[in-house]
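Good morning, colleagues. Please take a moment with the sequence and the fold before I discuss charged pairs and the nonpolar interior.

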Amino acid sequence: MSSSLLSISKLSVSFGGVKALTDVSLDVPKNSVVGLIGPNGAGKTTVFNCISGLVKSDSGTFAFEGVEREFPKPHELVDLGITRTLQGVGLFNELSVIQNVMVGADKNYKPNFMKELFGLSGKVEAGLKQRAEEALAWVGGSALIDSKPSELSYPDSKRVALARALVINPKLLLLDEPAAGLGQDDIDALASLIKQIKRRCSILIVEHHVDFVREISDTVNVLNFGKLIATGHYDEVKRDPAVIEAYLGHTDNPGENSKLGA
Ligand SMILES: Nc1ncnc2c1ncn2[C@@H]1O[C@H](COP(=O)(O)OP(=O)(O)O)[C@@H](O)[C@H]1O
Ligand SMILES: [Mg+2]
(Lines give C-alpha, C1' and ligand atoms only; values in the text may rest on other atoms or scores of the structure.)
(Ligands and ions follow the chains in the order given, each with its own letter.)
Protein backbone atom coordinates (compact mmCIF):
# COMPACT_ATOMS: atom_id res chain seq x y z
CA MET A 1 0.00 0.00 0.00
CA SER A 2 1.46 3.33 -1.00
CA SER A 3 0.50 5.12 2.23
CA SER A 4 2.40 2.60 4.33
CA LEU A 5 5.72 3.79 5.74
CA LEU A 6 6.70 0.69 7.71
CA SER A 7 5.21 -2.72 7.26
CA ILE A 8 6.32 -5.72 9.26
CA SER A 9 4.92 -9.14 8.59
CA LYS A 10 5.08 -12.34 10.64
CA LEU A 11 8.01 -11.30 12.77
CA SER A 12 9.25 -14.01 15.13
CA VAL A 13 12.09 -13.75 17.62
CA SER A 14 13.36 -16.15 20.24
CA PHE A 15 15.98 -15.81 22.94
CA GLY A 16 17.34 -19.27 23.56
CA GLY A 17 14.22 -21.34 24.10
CA VAL A 18 11.97 -18.37 24.90
CA LYS A 19 9.74 -17.10 22.11
CA ALA A 20 9.67 -13.34 22.59
CA LEU A 21 7.63 -12.65 19.42
CA THR A 22 5.48 -14.99 17.30
CA ASP A 23 4.24 -13.95 13.85
CA VAL A 24 3.77 -10.27 14.72
CA SER A 25 2.57 -8.10 11.84
CA LEU A 26 2.13 -4.37 12.07
CA ASP A 27 1.78 -1.41 9.82
CA VAL A 28 2.71 2.23 10.34
CA PRO A 29 1.03 4.49 7.74
CA LYS A 30 2.68 7.77 6.77
CA ASN A 31 2.04 10.72 9.10
CA SER A 32 0.45 8.55 11.74
CA VAL A 33 1.00 7.71 15.39
CA VAL A 34 0.77 3.99 16.07
CA GLY A 35 0.69 2.75 19.65
CA LEU A 36 2.21 -0.55 20.76
CA ILE A 37 0.84 -1.60 24.13
CA GLY A 38 0.69 -4.71 26.28
CA PRO A 39 1.70 -6.01 29.68
CA ASN A 40 5.32 -6.11 30.82
CA GLY A 41 7.32 -8.74 28.98
CA ALA A 42 4.85 -8.82 26.06
CA GLY A 43 7.62 -8.12 23.53
CA LYS A 44 7.19 -4.39 22.83
CA THR A 45 10.83 -3.40 23.24
CA THR A 46 11.85 -6.47 21.22
CA VAL A 47 9.82 -5.15 18.27
CA PHE A 48 11.77 -1.88 18.51
CA ASN A 49 15.04 -3.78 18.83
CA CYS A 50 14.30 -5.70 15.62
CA ILE A 51 13.39 -2.54 13.70
CA SER A 52 16.60 -0.89 14.89
CA GLY A 53 18.85 -3.89 14.29
CA LEU A 54 19.75 -4.63 17.90
CA VAL A 55 18.01 -8.01 17.89
CA LYS A 56 18.02 -10.48 15.00
CA SER A 57 14.69 -11.86 13.83
CA ASP A 58 14.19 -15.60 13.32
CA SER A 59 11.76 -14.90 10.49
CA GLY A 60 9.55 -12.16 9.15
CA THR A 61 9.59 -9.48 6.49
CA PHE A 62 10.34 -5.79 6.69
CA ALA A 63 9.25 -3.14 4.19
CA PHE A 64 10.03 0.57 4.43
CA GLU A 65 8.44 3.09 2.06
CA GLY A 66 7.03 0.19 0.07
CA VAL A 67 10.42 -1.46 -0.45
CA GLU A 68 10.94 -4.87 1.06
CA ARG A 69 14.42 -5.37 2.50
CA GLU A 70 16.29 -7.06 5.32
CA PHE A 71 15.67 -5.73 8.82
CA PRO A 72 18.09 -2.79 9.08
CA LYS A 73 21.49 -2.89 10.75
CA PRO A 74 22.03 -0.20 13.41
CA HIS A 75 24.42 1.79 11.18
CA GLU A 76 21.82 1.91 8.38
CA LEU A 77 19.09 3.58 10.44
CA VAL A 78 20.05 7.22 9.98
CA ASP A 79 20.27 6.84 6.20
CA LEU A 80 16.87 5.14 6.14
CA GLY A 81 15.42 7.92 8.32
CA ILE A 82 14.63 5.86 11.41
CA THR A 83 15.51 6.99 14.94
CA ARG A 84 14.52 5.89 18.40
CA THR A 85 14.64 7.01 21.96
CA LEU A 86 15.60 4.37 24.49
CA GLN A 87 13.53 3.11 27.39
CA GLY A 88 15.09 5.40 30.03
CA VAL A 89 17.14 8.36 28.85
CA GLY A 90 20.59 7.26 27.64
CA LEU A 91 22.48 10.55 27.28
CA PHE A 92 26.29 10.72 27.27
CA ASN A 93 27.20 12.30 30.60
CA GLU A 94 30.58 13.61 29.51
CA LEU A 95 29.06 15.61 26.64
CA SER A 96 27.06 18.83 26.85
CA VAL A 97 23.42 18.88 25.79
CA ILE A 98 24.17 20.37 22.36
CA GLN A 99 26.93 17.79 21.77
CA ASN A 100 24.54 14.98 22.73
CA VAL A 101 22.09 16.19 20.09
CA MET A 102 24.86 16.65 17.50
CA VAL A 103 25.96 13.04 18.06
CA GLY A 104 22.43 12.02 17.06
CA ALA A 105 22.74 14.00 13.83
CA ASP A 106 25.93 12.45 12.50
CA LYS A 107 27.61 9.25 13.51
CA ASN A 108 30.92 10.77 12.36
CA TYR A 109 30.65 13.66 14.80
CA LYS A 110 33.41 13.33 17.38
CA PRO A 111 33.44 16.05 20.00
CA ASN A 112 36.70 17.54 21.25
CA PHE A 113 40.14 16.31 20.27
CA MET A 114 38.96 13.32 18.22
CA LYS A 115 37.60 15.81 15.75
CA GLU A 116 41.10 16.90 14.71
CA LEU A 117 41.96 13.36 13.67
CA PHE A 118 38.81 11.86 12.25
CA GLY A 119 36.15 14.48 12.36
CA LEU A 120 34.33 17.06 10.37
CA SER A 121 35.27 20.40 8.88
CA GLY A 122 34.33 23.54 10.80
CA LYS A 123 31.63 24.30 8.25
CA VAL A 124 30.00 20.89 8.58
CA GLU A 125 30.18 21.14 12.35
CA ALA A 126 28.51 24.56 12.29
CA GLY A 127 25.71 23.10 10.18
CA LEU A 128 25.27 20.25 12.61
CA LYS A 129 25.19 22.66 15.53
CA GLN A 130 22.47 24.69 13.85
CA ARG A 131 20.35 21.59 13.26
CA ALA A 132 20.87 20.52 16.87
CA GLU A 133 19.80 23.96 18.09
CA GLU A 134 16.66 23.74 15.95
CA ALA A 135 15.82 20.30 17.33
CA LEU A 136 16.30 21.54 20.88
CA ALA A 137 14.11 24.56 20.19
CA TRP A 138 11.41 22.27 18.86
CA VAL A 139 11.24 20.31 22.11
CA GLY A 140 11.41 23.46 24.26
CA GLY A 141 15.03 22.84 25.26
CA SER A 142 16.84 25.95 23.96
CA ALA A 143 17.85 27.04 27.45
CA LEU A 144 19.60 23.72 28.08
CA ILE A 145 22.21 23.89 25.32
CA ASP A 146 25.32 24.28 27.48
CA SER A 147 24.17 22.11 30.40
CA LYS A 148 25.56 18.69 31.19
CA PRO A 149 23.06 15.80 31.40
CA SER A 150 23.74 15.46 35.14
CA GLU A 151 22.44 19.00 35.68
CA LEU A 152 19.09 18.35 33.99
CA SER A 153 15.75 17.54 35.58
CA TYR A 154 14.29 14.22 34.44
CA PRO A 155 11.72 15.83 32.10
CA ASP A 156 14.44 18.01 30.57
CA SER A 157 16.70 15.01 29.99
CA LYS A 158 13.81 13.29 28.17
CA ARG A 159 13.44 16.46 26.06
CA VAL A 160 17.10 16.30 25.08
CA ALA A 161 16.85 12.60 24.22
CA LEU A 162 13.88 13.43 21.96
CA ALA A 163 15.80 16.28 20.31
CA ARG A 164 18.65 13.85 19.63
CA ALA A 165 16.21 11.56 17.82
CA LEU A 166 14.55 14.41 15.89
CA VAL A 167 17.74 16.06 14.67
CA ILE A 168 18.00 13.84 11.58
CA ASN A 169 14.47 14.80 10.50
CA PRO A 170 13.42 11.16 10.70
CA LYS A 171 10.72 9.52 8.63
CA LEU A 172 9.98 7.12 11.47
CA LEU A 173 10.46 7.88 15.14
CA LEU A 174 10.36 5.00 17.65
CA LEU A 175 9.51 6.14 21.17
CA ASP A 176 9.88 3.62 24.00
CA GLU A 177 7.88 4.80 27.02
CA PRO A 178 8.48 8.54 26.50
CA ALA A 179 6.00 9.52 29.23
CA ALA A 180 7.42 7.19 31.89
CA GLY A 181 8.28 9.11 35.06
CA LEU A 182 6.76 12.39 33.82
CA GLY A 183 4.12 14.41 35.68
CA GLN A 184 0.82 15.34 34.05
CA ASP A 185 1.97 18.76 32.80
CA ASP A 186 4.97 17.27 31.03
CA ILE A 187 2.81 14.46 29.61
CA ASP A 188 0.38 17.05 28.22
CA ALA A 189 3.27 19.00 26.69
CA LEU A 190 4.64 15.79 25.16
CA ALA A 191 1.23 14.94 23.69
CA SER A 192 1.01 18.30 21.92
CA LEU A 193 4.61 17.99 20.73
CA ILE A 194 3.90 14.54 19.28
CA LYS A 195 0.91 15.94 17.39
CA GLN A 196 3.25 18.51 15.82
CA ILE A 197 5.93 15.93 15.06
CA LYS A 198 3.32 13.80 13.30
CA ARG A 199 3.00 16.42 10.59
CA ARG A 200 6.59 15.66 9.59
CA CYS A 201 7.01 11.96 10.33
CA SER A 202 5.37 8.80 11.63
CA ILE A 203 5.70 7.61 15.20
CA LEU A 204 5.58 4.13 16.65
CA ILE A 205 5.19 4.46 20.38
CA VAL A 206 5.35 2.06 23.32
CA GLU A 207 3.63 3.55 26.34
CA HIS A 208 1.82 2.54 29.52
CA HIS A 209 -0.06 5.79 30.16
CA VAL A 210 -3.37 4.89 28.59
CA ASP A 211 -4.93 8.35 28.47
CA PHE A 212 -1.85 9.60 26.68
CA VAL A 213 -1.87 6.65 24.22
CA ARG A 214 -5.54 7.21 23.51
CA GLU A 215 -5.03 10.92 22.90
CA ILE A 216 -2.14 10.65 20.46
CA SER A 217 -2.55 7.29 18.65
CA ASP A 218 -4.39 6.80 15.37
CA THR A 219 -4.30 3.03 15.91
CA VAL A 220 -2.91 0.77 18.60
CA ASN A 221 -1.53 -2.76 18.46
CA VAL A 222 -1.82 -4.91 21.56
CA LEU A 223 0.81 -7.53 22.28
CA ASN A 224 0.51 -10.27 24.88
CA PHE A 225 3.10 -13.00 25.39
CA GLY A 226 4.74 -12.09 22.09
CA LYS A 227 1.54 -12.31 20.02
CA LEU A 228 -0.52 -9.55 18.49
CA ILE A 229 -3.98 -9.90 20.03
CA ALA A 230 -5.73 -6.76 18.76
CA THR A 231 -5.30 -3.87 16.33
CA GLY A 232 -7.54 -0.86 15.87
CA HIS A 233 -8.57 2.42 17.42
CA TYR A 234 -7.87 2.55 21.14
CA ASP A 235 -11.53 2.72 22.09
CA GLU A 236 -12.25 -0.42 20.06
CA VAL A 237 -9.36 -2.53 21.30
CA LYS A 238 -9.93 -1.67 24.95
CA ARG A 239 -13.33 -3.37 24.74
CA ASP A 240 -11.85 -6.49 23.13
CA PRO A 241 -12.24 -9.40 25.56
CA ALA A 242 -8.75 -10.72 24.68
CA VAL A 243 -7.26 -7.35 25.61
CA ILE A 244 -9.19 -7.12 28.88
CA GLU A 245 -8.10 -10.66 29.70
CA ALA A 246 -4.46 -9.84 28.93
CA TYR A 247 -4.45 -6.85 31.27
CA LEU A 248 -6.54 -8.26 34.09
CA GLY A 249 -6.19 -12.02 33.74
CA HIS A 250 -9.96 -12.42 33.61
CA THR A 251 -13.04 -10.84 32.00
CA ASP A 252 -15.50 -11.20 34.89
CA ASN A 253 -15.68 -7.58 35.85
CA PRO A 254 -15.13 -5.08 33.03
CA GLY A 255 -15.80 -2.32 35.56
CA GLU A 256 -12.35 -3.05 36.98
CA ASN A 257 -10.88 -2.20 33.65
CA SER A 258 -9.00 0.83 35.01
CA LYS A 259 -5.64 0.02 33.41
CA LEU A 260 -7.29 0.49 30.03
CA GLY A 261 -8.92 3.81 30.86
CA ALA A 262 -12.54 4.73 31.40
N1 LIG B 1 18.17 -9.76 25.15
C2 LIG B 1 17.32 -10.64 25.68
N3 LIG B 1 17.72 -11.86 26.07
C4 LIG B 1 16.85 -12.76 26.58
N5 LIG B 1 15.53 -12.52 26.75
C6 LIG B 1 15.06 -11.31 26.38
C7 LIG B 1 15.93 -10.30 25.84
N8 LIG B 1 15.17 -9.21 25.55
C9 LIG B 1 13.90 -9.52 25.92
N10 LIG B 1 13.84 -10.77 26.42
C11 LIG B 1 12.61 -11.47 26.85
O12 LIG B 1 11.67 -11.33 25.81
C13 LIG B 1 10.38 -11.05 26.34
C14 LIG B 1 9.88 -9.72 25.83
O15 LIG B 1 10.64 -8.67 26.43
P16 LIG B 1 10.46 -7.14 26.05
O17 LIG B 1 10.43 -7.01 24.57
O18 LIG B 1 11.49 -6.37 26.79
O19 LIG B 1 9.01 -6.84 26.65
P20 LIG B 1 8.26 -5.45 26.93
O21 LIG B 1 9.06 -4.34 26.33
O22 LIG B 1 6.91 -5.63 26.31
O23 LIG B 1 8.14 -5.34 28.43
C24 LIG B 1 10.52 -11.13 27.87
O25 LIG B 1 10.21 -12.44 28.26
C26 LIG B 1 11.99 -10.82 28.07
O27 LIG B 1 12.45 -11.40 29.27
MG1 LIG C 1 9.94 -2.62 27.21
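How many salt bridges does the structure hold? In this predicted model, the structure holds 9 salt bridges.

Let me begin with D186 and R159, whose side chains form a salt bridge at 3.3 Å, N to O. This pair links distant parts of the chain, with D186 in helix α7 and R159 in helix α6, 27 residues apart. D186 is partly exposed, at a relative accessible area of 23%, and R159 is partly exposed as well, at 22%. D156 joins R159 and D186 in a network of salt bridges.

A second pair is E215 and K195, at 2.7 Å, N to O. E215 belongs to helix α8 and K195 to helix α7, so this salt bridge ties together parts that are 20 residues apart in sequence.

Helix α8 also contains R214, which is linked to D235 in helix α9, 21 residues away; the closest N and O atoms of their salt bridge are 3.7 Å apart.

D176, in strand β7, presents another situation. D176 is buried yet has no salt bridge, and R84, the nearest side chain of opposite charge, is 4.3 Å away. The cut-off for a salt bridge is 4 Å. The side chain of D176 does make a polar contact with that of T45, at 2.9 Å.

I turn finally to the interior. The largest nonpolar core has 38 residues, and L162, L173, I194, I203 and F212 have the most contacts inside it. Domain 1 and domain 2 both contribute residues to this core, so it lies between them. A second, separate core has 28 residues, including V13 and F71.

Conventions:
Residues are numbered from 1 along each chain as its sequence is written. Chains are lettered from A and ligands numbered from 1 in the order in which they are written. This is a predicted model: local features need pLDDT of at least 70, side-chain atom pairs count only at pLDDT 80 or more; totals for chains, interfaces and linings use all residues. Side-chain values use heavy atoms; hydrogens and water are left out. A nonpolar core is a set of buried Ala, Val, Leu, Ile, Met, Phe, Trp, Tyr and Cys residues joined through side-chain atoms within 4.5 Å. Buried means under 20% relative accessible area, exposed over 50%, partly exposed in between (1.4 Å probe, protein chains only). Domain bounds come from an automatic or database domain assignment. Helices (H or I, at least four residues) and strands (E, at least two) are DSSP runs, numbered from the N terminus. Lys and Arg count as positive and Asp and Glu as negative; His and the chain ends are not counted. A polar contact is a pair of N or O atoms within 3.5 Å; within protein, one must be able to donate a hydrogen and the other to accept it, and residues adjacent in sequence count only if both atoms are side-chain atoms.
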